[in-house]
Amino acid sequence: MTSCILKIALDTPLNVFFDYNWPCADSTPAQIGQLALVPFGSREVVGLIVGIAETTDVPPDKLKDALALRSQLAPLSAQWLALAGFAADYYQRPLGEVALPGLPKNLRVLTTVALDRAIKKLDKQNAAHDGAPSDMPALNPAQQEAADAIGGAQDFAPTLLYGVTGSGKTEVYLQACAQLLAREAEAQILILVPEINLTPQLEGNIRARFPGVMLATLHSSLSEGERMLHWLAAHQGKARIVLGTRLAILASLPQLKLIVIDEEHDPSYKQQEGLRYSARDLAVWRAWQLGIPIVLGSATPSLESWHHAQSGRYRKLELRERAVKDAVLPRVKLLDMERDKPKDGLTSHLIAALKLRMERGEQSLLFLNRRGYAPVICCEACGWISNCTRCTSFMVLHKPEHRLRCHHCSLELRIPRHCPDCGNVDLQPLGRGTQRVEEGLQQLFPEARILRIDADSTRKKGSAQEAFDSVHRGEVDILIGTQMVAKGHDFKKLTLVGILNPDTALFSQDYRASERLFAQLMQVAGRAGRAARTEGGSVSEVLIQTRYPTHALYAAVVGHDYDQFAGSLLEERRQALLPPYLFQALLRAEAPKLAAAIEFLELAKSYADYPGITVNDPIPMSMTRVYNVDRAQLLLESSSRPAMQAFLKEWLATLRELKSRVKWSLEVDPLDI
């Protein structure tokens, strides 16, 4: 029997392919892009066939046989393999570490019979989809121009859709999708959102608009069985629209014709562990690879995308007005906390505004991006504070649960009855989190229907969506929330947004902090006044409590002036030689002791002599210790992306040869430094 050699990528940190023998004359011939079950050590694992050869350098006595092929699945396309290959090359990771985790786990663990059963189930679901799209609402002229430009594009056309909050970007997406689906019968569309809690509302809109079109969703809240069925629907071309979070960018879509990235500025599109990829950037590359249009939508575009639009690399479409007739942008006012001293965290002006909205039957939102009751508890007698014993961070007070909790390593402790150092029983909370604000509001407004939405209150599956539904039904007077409530939600009765404690980001050492703060403030401000103002109704307002009311960032927020703010930030970045005018990579090292991490980075630096590359000194990370592990970093910079990539390939090959017990990783285009 004639045999061939399968070159297989496995999910390992080794940057090599593994050779296996396969009887090519068998009834199931192997193909590139297929999944194969192979022995690996003492286990049986599924790998990806990336090549087929006639010979191998592996000695015959060590060459193992592949066990089986997932032959009931169509092979992953050459385009998909190229996408995985590009991601592996650019982010400097083995192909197997990119390709295999991007596939549903059940494709790798189910038996052949179970996989066949799942495919048959999908076939039955697909048979139920038919019918025409529902009627499309009328668009204003700017929306119609944008929808026609996007829906009519057929080649690689990166478009920045810059629209103020409430300007109807979602409706533009939907009508552009309708144009494409009407023109191309087999076309597939990929729509990405930054967070899972944004998917239900958009999913409902898509299903209502396209009742006869199969929709697949891909995000981490799905069960493994659900994720596999949705992935298969996309892979087989049956799902015409795929909606998902960042992991969906690696979905197999053989007929992909349009990509939409909603809230393209959001940092959640960057994976922060393992393969540290940017889904937004991979989406742009994938659109270029396939020669298809891509839309990046935002009210506060990332500086990178804004720079591309200003330089002509991206086409810019603008929506300067709110879509709903008579709906206007909210009035933003700064509340000087030095003049109006807060009570329970709220100034008298904000309290009065909350009371007015309650009297009129309108809703209010208080935004505080800090969960828990208080960031720390302390002893005023001796100065003890609730530090985490495993991290360089504080233990956050969670009063309802009677716990101190570290938000970095998840360590939980009972609240001490007395100071561990001096025995003082009078321990005090410092600062405010959402739980403490909720407690204060309940005392101020005992008759109010108050709801808190944050990571603590929405831990159970489905609880976040139920909470948002209750707001939409009008069952909430005052909503308190973190960044979970800041974007994407259309609360019709909400006319007041109060923003608490935003000042800390003004003085961050992170050069991106001001960009993120501005985006966050504009996004949460955009939750107010999205519906048309009724007779006698309140003028929608955003009240920002601050001790720095003259700061230029707040002036830009008051004026809803993203253009001016982005322009000034870009000029600062240009003068300081920071992204997008510079390219960066970050080498991180972890060890039980900081000295060992620094020593490894010093050694790595000694091998980093390359033209056009600036190598900074190793330093401890801002959060130096997490879960009893010390961390340090080494920043590399270059004005040339090709030079950076060429250097990294050579440098990492050297680092992989070093004998060290230090755990290290590399991030290309880091967001947090």
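How much area does the chain expose, and what share of it do carbon and sulfur atoms supply? About 29900 Å² is exposed, and carbon and sulfur atoms supply 51% of that (accessible areas by the Shrake-Rupley method with a 1.4 Å probe).

Before clicking on, know that this is a predicted model, where local features need pLDDT of at least 70, side-chain atom pairs count only at pLDDT 80 or more, and totals for chains, interfaces and linings use all residues. Residues are numbered from 1 along each chain as its sequence is written, and side-chain values use heavy atoms, with hydrogens and water left out.

**Stop 1: the whole chain.** Select everything: the C-alpha atoms fill a box of roughly 85 × 65 × 50 Å along the principal axes. Of the 673 residues, 53% count as buried (under 20% relative accessible area, 1.4 Å probe, protein chains only).

**Stop 2: the second largest pocket.** Now select G168, K169, T170, D490 and R530, which lie nearest the centre of this pocket among its 31 lining residues. A pocket here is an open set of points on a 1 Å grid over the protein atoms alone, where a 1.4 Å probe fits, with protein on both sides within 12 Å along at least five of seven lines; lining residues have an atom within 4 Å of a point. Its volume, the space filled by probe spheres set on the points, is about 670 Å³.

**Stop 3: the pocket walls.** Next, pick α6 (169-183) and α7 (199-209), DSSP helix runs (H or I, at least four residues) that each supply at least two lining residues. Sorted by class, the lining has 11 nonpolar, 11 polar (Gly among them) and 9 charged (Asp, Glu, Lys and Arg) residues.

Technical notes
Buried means under 20% relative accessible area, exposed over 50%, partly exposed in between (1.4 Å probe, protein chains only).
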